[in-house]
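Colleague: Could you take me through one part of this model slowly, as you would for someone in their first year? I would like to see how that part sits among its surroundings.

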Amino acid sequence: MAILVLADRGDIVSQPTRSAVAAATQLGGEVHVLVLGAEGAPAAAKLPGVAKVLVAEGEAVGHALAEPLAALLVSLAPGYTHLLAPGSAVATCLLYTSDAA
């Protein structure tokens, strides 16, 4: 099974997201990155070890609404052995909200 990494929002890959991807590669298995908004997909695809980039788009992404994005994570989770994320406020909120779902 694969490992899913939630990327920070933006058109560049933040250092915390790079660190989460590097940690995911150490776990073994295929690494997939979920980007919030298409603008971050090209940069995420260039990260070493990334096999696939998933793009979440829509109003919930644009407004960074935790509940719909958490529901997306919950729906994706069964296909992954691990879910990693950077220590940003948005990622922490999403993981906390996903746990409550």
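**A close look at helix 1 and the sheet beside it**

Modeller: Happy to! Let's start in the sheet, where strand 2 and strand 3 run parallel to each other and are paired over six bridges. One place to find this pairing is His32, whose bridge partner in strand 3 is Lys52. Keep in mind that everything here comes from a predicted model.

Now step back to the whole sheet. It is an open sheet of four strands in the order 3-2-1-4, and the pairing is parallel. Strand 3 and strand 4 are at the edges with a single partner strand each, so one side of each has no neighbour in the sheet. On average, neighbouring strands are turned by 25° against each other, with direction ignored.

Next comes helix 1, which covers residues 15-27. Let's check its length: at 1.5 Å a residue, its 13 residues should span 18 Å, and the end C-alpha atoms are 19 Å apart, which agrees. Just after the helix comes Gly28, with a positive phi near 90°.

Which residues of helix 1 are buried? They are Thr17, Ala20, Val21 and Ala24. These residues cover an arc of only 100° around the axis, which places them on the same side of helix 1. A rule about helices is handy here. An α-helix has 3.6 residues a turn, so residues three or four places apart point the same way. On the other side of helix 1, Gln15 and Gln26 are exposed.

What do the buried residues of helix 1 pack against? Their partners are strand 1, strand 2, strand 3 and strand 4.

This brings us to the nonpolar core. In soluble globular proteins, nonpolar side chains tend to be buried together. Here the largest nonpolar core has 15 residues, and Val5, Val21, Ala24, Val33 and Val35 have the most contacts inside it. Strand 1, helix 1, strand 2 and helix 2 each supply at least two residues of this core.

Val33 is a good residue to click on. Leaving aside neighbours within four places in sequence, Val33 is in contact with several residues, among them Leu4, Val5, Val21, Ala44 and Leu54. Leu54 also belongs to a second, separate core of 14 residues, which includes Leu69, Leu73 and Ala91 as well.

Finally, look for helix 4, residues 66-76. Helix 4 lies across strand 1, strand 2, strand 3 and strand 4, and runs at about 160° to strand 2.

Methods: Residues are numbered from 1 along each chain as its sequence is written. This is a predicted model: local features need pLDDT of at least 70, side-chain atom pairs count only at pLDDT 80 or more; totals for chains, interfaces and linings use all residues. Side-chain values use heavy atoms; hydrogens and water are left out. A nonpolar core is a set of buried Ala, Val, Leu, Ile, Met, Phe, Trp, Tyr and Cys residues joined through side-chain atoms within 4.5 Å. Buried means under 20% relative accessible area, exposed over 50%, partly exposed in between (1.4 Å probe, protein chains only). Contact means heavy atoms within 4.5 Å. The expected span of a helix is 1.5 Å times one less than its number of residues. The arc is that of the directions from the helix axis to the C-beta atoms. Two strands pair if DSSP finds at least two bridges between them. Axes are lines fitted to C-alpha atoms, for helices over the stretch in contact, and angles run from 0 to 180 degrees between N-to-C directions.
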